Amino acid sequence: MDRDVQFIGQSTAFLDAVERASRAAPMRRPVLVIGERGTGKELIAERLHRLSPRWGEPLVTLNCAALPETLIEAELFGHEQGAFTGATRARAGRFEEADKGTLFLDELATLSMGAQERLLRAVEYGEVTRIGSSRPIRVDVRIVAATNEDLPRMAEQGRFRADLLDRLSFEVITLPPLRVREGDIHVLAEYFGRRMATELDWERWPGFSDHALRALEEYQWPGNVRELRNVVERAVYRWGDPETPIAHIQFNPFESPWKPEPMAQALNAVRSEDHPVFQPAPAGTPTLPPLDSIDDLRAAVDAHEKAILEQALGRNRYNQRQTAKALNLSYDQLRHAMKKHGLLERG
């Protein structure tokens, strides 16, 4: 049940990607894993390694974006003593460390053209040469690489070697973003929520309220599963009440009425008071249906009013006086609105 190696999901798009990885795992050929941030590219790389005949050998990971261009080649291919300033001793590169195993290159698109050229030779001939040496070293390494960039377009623009792309793209596994994984948001939210409840020593899992689940389903998840995990775990931790369903979701942890702003923004805000402009709603705000689809004005207004009440009540832990104050209502006005929408029992 290690949270970092679990594959959780039931959507067809997700299961197809996992199945493709399982089928490619026994092959010795390179695999490219494409996907937005937070979609699980590293998990797929680990699956490709663990289900391959190399499972008992090293799985070596290198984030190509984490090192400056001047060091990436030394990190990949190693160097001899005195090869450059600071090279006080010889060092094996990641290729040598991964010999007989798998080398996972994350953020592949950030490699310099020089590093791409040396990588091409390593993939094509199975040889690497340490910086400062003229003697090639034979290695048996399977390459798995990942990126969130459009590599074919980069190749057309001359920013990525087309011949290297040809060598690495024997199989390409494209991971679906969370927003298209039908049914998976609820499954993942329950999984991460239960784990956090266990970590907090809760005796029971209260689940999420209906409006909190709707908010999770309607959000677009630019950070995908990684973002969902953070949002859910934060919601459980902040709720702190194992007896009632979690009723408030904060998608952006930086949202605050006291958030500091640059002086220029503050001045612009003052100047625009007489000429207000539209500002996008913060994440988690109840969303309106498309205006062209509304055929019952009263029902649409009531549905939106109920969503606002549910959101505000959850944010204020069902404290009605605090909720009334937050919505600029009197206590009696709030009670009347709650009764109208059948929310008094929950309160």
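These are my notebook entries on a pocket, a cavity and three helix pairs.

**Entry 1: the model**

I am working from a predicted model. Every value below is computed from that predicted model.

**Entry 2: the second largest pocket**

I looked up the volume of the second largest pocket and noted about 570 Å³. I then asked which residues come closest to its centre. Of the 25 lining residues, those are Gly38, Thr39, Gly40, Leu43 and Arg226. Next I checked which elements give two or more residues to this lining. They are helix H2 (41-50), helix H8 (184-199) and helix H10 (224-239). H2 gives the largest share, 4 residues. I also sorted the pocket lining by class. I noted 11 charged residues, 8 nonpolar and 6 polar.

**Entry 3: the cavity**

How many cavities of 30 Å³ or more does the structure hold? I found 1. The volume of the largest cavity is about 50 Å³. I listed the residues that line it: Phe7, Phe14, Ala17, Val18, Thr39, Gly40, Ile44, Leu175, Pro176 and Arg181. Helix H1 (residues 12-24) supplies the largest share of this lining, 3 residues. By class, I wrote down 7 nonpolar, 2 polar and 1 charged for the cavity lining. Thr39 and Gly40 caught my eye. They line the largest cavity, and they are also among the residues closest to the centre of the second largest pocket.

**Entry 4: H1 against H2**

I turned to H1 and H2 next. Their axes are 8 Å apart, and the packing angle is about 35°. Is the crossing left-handed or right-handed? I noted right-handed. From H1, the contact uses Val18, Ala21, Ser22 and Ala24; from H2, it uses Ile44, Arg47 and Leu48. I classed the residues of this contact as 5 nonpolar, 1 polar and 1 charged. Two of the contact residues, Val18 and Ile44, had already appeared in my cavity list.

**Entry 5: H3 against H5**

I moved on to helix H3 (residues 69-77) and helix H5 (residues 113-125). Their axes come within 9 Å and cross at roughly 15°. Angles under 35 degrees count as roughly parallel, so I entered H3 and H5 as roughly parallel to each other. H3 passes H5 in a right-handed crossing. Which residues meet here? On the H3 side I listed Ile72, Glu73 and Phe77. On the H5 side I listed Gly114, Ala115, Arg118, Leu119 and Ala122. The contact of H3 with H5 has 5 nonpolar, 1 polar and 2 charged residues.

**Entry 6: H12 against H14**

My last pair was helix H12 (residues 297-315) with helix H14 (residues 331-340). I noted an angle of about 120° and axes 10 Å apart. That angle makes H12 oblique to H14. H12 passes H14 in a left-handed crossing. I picked out Asp302, Glu305, Leu309 and Leu313 on the H12 side of the contact. Leu334, Ala337, Met338 and Lys340 make it from H14. How many residues of each class does the contact have? I noted 5 nonpolar, no polar and 3 charged.

**Entry 7: looking back**

I reread my pages for H1 and H2. H1 gives the largest share of the cavity lining. H2 gives the largest share of the lining of the second largest pocket. H1 and H2 pack at an angle of about 35°.

Note on methods: Residues numbered from 1 in each chain as written. Predicted model: local features only at pLDDT ≥ 70, side-chain atom pairs only at ≥ 80, totals over all residues. Heavy atoms only, no water. 1 Å grid on protein atoms, 1.4 Å probe; cavity = no way out; pocket = protein on both sides within 12 Å on 5 of 7 lines; lining within 4 Å. Points joined across faces, edges and corners; volume = space filled by probe spheres on them. Nonpolar A, V, L, I, M, F, W, Y, C, P; charged D, E, K, R; others polar. Axes fitted to C-alpha atoms, helices over the stretch in contact; angles between N-to-C directions. Parallel < 35°, antiparallel > 145°, perpendicular 65-115°, else oblique. Left-handed = near helix turned anticlockwise from the far one by under 90°. Contact = heavy atoms within 4.5 Å.
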